[in-house]
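Here are a few notes to go with your first look at this one. Have the sequence and the model open side by side as you read.

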Amino acid sequence: MAHPIRRHAPLVIGLILVISVSLLLVNLFVYLAEEMMTGTTLQTDREILLQVAALRSPGVTLWMKGMTELGAKEWLIIGTVVGTLLLIRRKQMGDGILFALGMLGASGMNTVLKNAYERIRPEENPLLHAAGYSFPSGHAMGSIVFYGFLLYFSVKSRFSPWAKASCCLVWSALILLIGFSRIYLGVHYPTDVLAGWIAGMAILIQCIAVREGILYWRRKQTEDR
């Protein structure tokens, strides 16, 4: 009989990769937060805000307001409920629960981080009123978890390669555009959005790792029968 570690080498390697990437993301977030708290990023943040503000026009502003709504808490709550129910209806109870827990975790963690850092939002001519603190961006954090899940499920689906590529392109574009819309509308600094993406990615990776670990274990149990 093979040694347990050798027998479960894919699981061990995957676990090491998940831990390594998670630690990297945590360190990146902490570093960015420290730079933000000391004011090191403020000048660059403001310069980028001014450069992006120069791109404003009525048509682009309307489009950006539409994009930002796709990352709003209300929409993500509706999308999470609908997505969870659809997964449960398809007899994917575990996926539905994991999806819901991932989104709840992102929302809760964002609230904790905002209250911990208490960064005031930009005051350079915002185009929307946004309540609460600025760092990290809730839109960026929530959207990378929500649309990241959709991207992952698309890759794991039985879609054709062309359909998978198309879905991945759409979900990735939405993540980027929602983050950019927060900068364009003047309600977040670029570092807020970047921090939201980093924190959200850490949560998403953990959720995907849990699912992949469960699937791996089920396959092994089936093979051993």
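How many nonpolar, polar and charged residues does the lining of the largest pocket have?

1. Bear in mind that this is a predicted model. To take the question straight away: the lining of the largest pocket has 13 nonpolar, 14 polar and six charged residues.

2. As for the space itself, the largest pocket has a volume of about 770 Å³. It is lined by 33 residues, and Ala72, Lys73, Ser107, Asn110 and Gly138 are the closest to its centre. Those five are a handy place to start if you want to find the pocket on screen.

3. Which helices help to line it? At least two lining residues of the largest pocket come from each of helix 4 (58–69), helix 5 (73–89), helix 6 (93–117) and helix 7 (138–156). Helix 6 gives the most, with nine residues.

4. Then have a look at the second largest pocket, which holds about 620 Å³ of space. Its lining is made of 18 residues, and nearest its centre lie Leu87, Arg90, Gln92, Phe153 and Ser157. By class, that lining splits into nine nonpolar, five polar and four charged residues.

5. Two helix names come back here. Helix 5 and helix 7 each supply at least two residues of the lining of the second largest pocket, and each of them also gives at least two to the lining of the largest pocket.

6. Now for the outside. A nonpolar patch on the surface is formed by Ile77, Val81, Leu85, Ile88, Met93, Ile97, Leu101 and Leu104. Together they have about 750 Å² of accessible area. Helix 5 and helix 6 each put at least two residues into this patch.

7. Is Leu85, one of the patch residues, buried or exposed? Leu85 sits in helix 5 and counts as exposed, because its relative accessible area is 54% and the cut-off for exposed is over 50%.

8. Leu98 makes a good contrast. This leucine is in helix 6, and it is classed as buried because its relative accessible area of 13% falls under 20%.

9. One last thing to check around Leu98: which residue, 113 residues apart from it along the chain, has its C-alpha atom 7.9 Å away? That is Arg211.

How values were computed
Residues numbered from 1 in each chain as written. Predicted model: local features only at pLDDT ≥ 70, side-chain atom pairs only at ≥ 80, totals over all residues. Heavy atoms only, no water. 1 Å grid on protein atoms, 1.4 Å probe; cavity = no way out; pocket = protein on both sides within 12 Å on 5 of 7 lines; lining within 4 Å. Points joined across faces, edges and corners; volume = space filled by probe spheres on them. Helix = DSSP H or I, 4+ residues; strand = E, 2+ residues; numbered from the N terminus. Nonpolar A, V, L, I, M, F, W, Y, C, P; charged D, E, K, R; others polar. Patch = residues over 30% accessible without salt bridge, like charges linked within 9 Å, V, L, I, M, F, W, Y side chains within 5 Å. Areas by Shrake-Rupley, 256 points an atom, 1.4 Å probe, with all protein chains shown as cover. Salt bridge = Lys/Arg side-chain N within 4 Å of Asp/Glu carboxyl O. Buried < 20%, exposed > 50% of the residue type's maximum accessible area, 1.4 Å probe, protein only.
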